[in-house]
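Reader: I have a structure open and would like to learn how to read it. Could you take me through it feature by feature?

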Number of protein chains: 2
Amino acid sequence: MSSAGLRRLLSAGGSQLSSNLLSVRIRSLSLATTMEQRVVTLESVNPNVIKMEYAVRGPLVIRATAIEKELEAGVSKPFKTVTKANIGDAHAMGQKPITFLRQVVSLCLMPSLMDDPFIPSDAKERARAILNGCKGGSLGSYSDSPGIEIIRHHVAEYIERRDGFPSNWENIILCAGASEGIRGIMKMMIKHENGIKPGVMIPIPQYPLYSATIAEYDLHQIGYYLNESTNWGLDISELERAYNEAKEVSYPKVLVVINPGNPTGNVLSKENIKGIIKFAYEKKLFLFADEVYQDNVYAKGCKFHSFKKLIMEMGAPYNKMELASFMSCSKGYMGECGLRGGYAELINVDPQVKALYLKSISAKLCPTTLGQAVMECVVNPPQEEEPSYNQFMEEKHAVLSSLAKRAEMVVETFNSVPGMSCNIVQGAMYAFPQIMLPKKAVEAAKAAGQAPDVFYAFQLLENTGICIIPGSGFGQQPGTYHFRTTILPQPEMLKTMLEKFREFHTNFIKLYE
Amino acid sequence: MSSAGLRRLLSAGGSQLSSNLLSVRIRSLSLATTMEQRVVTLESVNPNVIKMEYAVRGPLVIRATAIEKELEAGVSKPFKTVTKANIGDAHAMGQKPITFLRQVVSLCLMPSLMDDPFIPSDAKERARAILNGCKGGSLGSYSDSPGIEIIRHHVAEYIERRDGFPSNWENIILCAGASEGIRGIMKMMIKHENGIKPGVMIPIPQYPLYSATIAEYDLHQIGYYLNESTNWGLDISELERAYNEAKEVSYPKVLVVINPGNPTGNVLSKENIKGIIKFAYEKKLFLFADEVYQDNVYAKGCKFHSFKKLIMEMGAPYNKMELASFMSCSKGYMGECGLRGGYAELINVDPQVKALYLKSISAKLCPTTLGQAVMECVVNPPQEEEPSYNQFMEEKHAVLSSLAKRAEMVVETFNSVPGMSCNIVQGAMYAFPQIMLPKKAVEAAKAAGQAPDVFYAFQLLENTGICIIPGSGFGQQPGTYHFRTTILPQPEMLKTMLEKFREFHTNFIKLYE
């Protein structure tokens, strides 16, 4: 394989490793390849894995981690720390865990803590209920593949309270983070018909789990553009356009909607969702509602509406539509990314298909029981009359109100920088501002063999230590440039980050004007 | 779809749901199918998911769970409890967790426990080291996709101590149980060449994760029979036979070896492993060493030898062979199945392929950090001079010596029953006895539409409450009948189970003689 080929391969989403680092890597890899005859090489490896990209953990992040090590080793830089605004990881950015949640899970692990007088009784009661639902009374036993039954019941009750419509606990599948559920149910869609691929409609910009999974599963990606000029709104006419174009080369099967939006921060209105549902019904599409940010709504006048609630409200024939909705403990006010908890609700799914799905996850045995215990706390939090209630509500509101302030701070700052514009962050944990890049910067990027937004992001990282993800990792209208940043650094850190960002951007524009 | 077709579909590994239950299900499913037009049905679902089977959680287990509910509801049965000897789930069968391990993980979750004077200092020291390795000092942050760096270092040191050969921490990939690692690395193998599938050699009988994954990934399964007459030994001549037969229809790419063996309980000798390595080298096969039972060796004269150690001992050219070795916290003396911890060591894997693997797991974000913390305890247990040492060693030895006794008890009992024969359980957690079924029993099974060993297993379940898995779920020589039972029920429960088993078998033979 040529160096150029390898360079293309190693570059993700149009981005690439910094030039020096890459040259070293290419030399050492070529050496290794010629030395031995291996069974699995680039020529014999799964080609879909070569195609797939996941920018949130791509070359920029690899470089950011390398810079952290350089700083530790004493290398001099124009900054002292790396700020990782690339990933929705609240605890990594200083958010504290919710006390109640950690108490319940610790009690499950170490039941001797039941005697600890400092742990409140409601936490103990939750832990006891979970352990009663575990085989042998231990979290160390496998649960059923779709999860511990009592927790599935509580998830269903949570959804009923949220929506005002019944939820069947047997339709709740616990999973190790929403990603596992999304990937697992998407897998059911893989069936080529006479060489034609099933199509999956995803927003552009999108969360790259979707493009990565579509590539890995060899499905056809159908991008529909979100409308930047209406705060990343979802236009039904654009769905139509994308669908009509794609049906020539694929058979569209799935419509993915992320609400609140990642990376856009948009929150869909009730009317908008109804329009989407009608479109999906008309085109016979299976709906994926990625609703992991349902607790993260900040802007005045915005409210989270679940797809489940709206298909039920709309009545026949929409209330018979196939829908999978996903939730996670990694986002919201919990931010427990590492503990890997989540659920999928499968609505109106063919019972035979559901039976097959259950069979398919049985070979994976079960999602982490600890992650399941975390979900129990999310769907069954302390009630007003319980001893943990006040502290729980304080902690929850402190996180959510601080996030709301940070969302505003980010938007205000970016909109005050010449050559940047940023839509309102109505929800979720991200902003996706547009940057106007001078012609000379675009040319400099070209000379460096990088996409312009990737070039910009690498310059930002090397000069300020701020790690964001270029828009090309999520998709954007051709000729426009964006980046995604989280709003997660704690307020002081975020303030510093935004000041440095403004300074960098101003200098960057001056340099290339 | 016809009822007969659905019956075939719903039956797993030749087995099926009990007849009445199935009829009800078929009726309700047919009704549902005719009522609505769905996007995803049996006709449009992933066909590989239809093909895949995982007997360890198949129809027998579903029926066992249903029987448990019937018992709870007061239905009268010839037994009071169901004994689930179908799955290697130690805690479910009454094994107690290792104290040190639970302490460390609880400390990680609830660092306020650092002040607890009853928790020993070495547990606190381990927890501190783990938290220092977590972003933001919280297990709630995402780890790097291959795991928390300090734990990867400790895994590598554990392997070095075990084998006496260097291990590179960058080759250690933590995963949510060994299954995730096995499935992830197997995925890299998927590449059809001109319509010909890659072949994966697996033992027969095998652990059905392999057949399920092979079906899901549309690979070609190449079964090599283990030799029952030499205590389930692995004959190189049989590898040759299977390989030669398969290379006509596939291109063999992977050789899977499970040692200690599941479901056979065999432990491979050093010489035997060397022969396997030479065979894999000669045929250019990527080796998968499923070594999750490395702590579970009971029989005198038997010892666990890792594939890694032996390729290194054998020197060139074998020490350059591609090998993936898998370990788990679900087995051994820990039995922490629900917590989902494990690792893969990738040895001599092409750096480009390894980079692709790391990319492919990045979209899944990270394995549960709690499962990773459990693995830290497994690879870095209390040392002689540390305060937890004595208790830890006592607990560990109590589990392992009790398992050794139970292994003997199971073998002795089955060998004393006329019409049964059982090889020595040298290691792992299972026995795989052969049962001689009278002709009339085979005919009765046929009349019931079941494979003879499935018929036997259902009769056993309905009459005694004992749930085992028929040999057809693992594979067996045509015309022979087996079952897999775990040795995990606690001694008293196991004794009762074996007595009931003997009685059932004797009556069953009498009935059909």
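**Reading a two-chain model**

Author: Let's start with one side-chain pair: A:Arg102 and A:Glu336 form a salt bridge, their closest N and O atoms being 2.7 Å apart. A salt bridge here is a side-chain nitrogen of Lys or Arg within 4 Å of a carboxyl oxygen of Asp or Glu. This pair links distant parts of the chain, 234 residues apart: A:Arg102 sits in helix 5 (residues 99-109) of chain A, and A:Glu336 in the loop between strand 7 (323-328) and strand 8 (342-347). Helices (H or I, at least four residues) and strands (E, at least two) are DSSP runs, numbered from the N terminus.

Reader: Before we go on, what should I know about the model and its numbering?

Author: This is a predicted model, in which local features need pLDDT of at least 70 and side-chain atom pairs count only at pLDDT 80 or more, while totals for chains, interfaces and linings use all residues. Residues are numbered from 1 along each chain as its sequence is written, chains are lettered from A and ligands numbered from 1 in the order in which they are written, and side-chain values use heavy atoms, with hydrogens and water left out.

Reader: How do I read the size of the interface between chain B and chain A?

Author: The size of an interface is often given as the accessible area lost when the parts come together. Here chain B and chain A bury about 8,300 Å² between them (1.4 Å probe, summed over both), and 59% of that is on carbon and sulfur atoms. In contact terms (heavy atoms within 4.5 Å), 97 residues of chain B touch 97 residues of chain A.

Reader: How many salt bridges are there between chain B and chain A?

Author: There are 4 between these chains, and the structure holds 42 over all chains. One joins the side chains of B:Lys187 and A:Glu216, at 2.8 Å from N to O. Among the elements giving two or more residues to chain B's side are helix 8 (178-187) and helix 9 (209-216) of chain B. Helix 13 of chain B gives the most, with 7 residues.

Reader: And how are the two copies related?

Author: Two copies of a chain are related by a rotation about an axis and a shift along it. Chain B can be laid on chain A with an RMSD of 0.0 Å by a turn of 180° and a shift of 0.0 Å along the axis (least squares on C-alpha atoms of residues with pLDDT of at least 70 in both). The copies are thus related as by a two-fold rotation axis. In chain B, the C-alpha nearest that axis belongs to B:Ser106, 2.5 Å away.

Definitions and conventions:
Buried area = accessible area lost by both parts, 1.4 Å probe.
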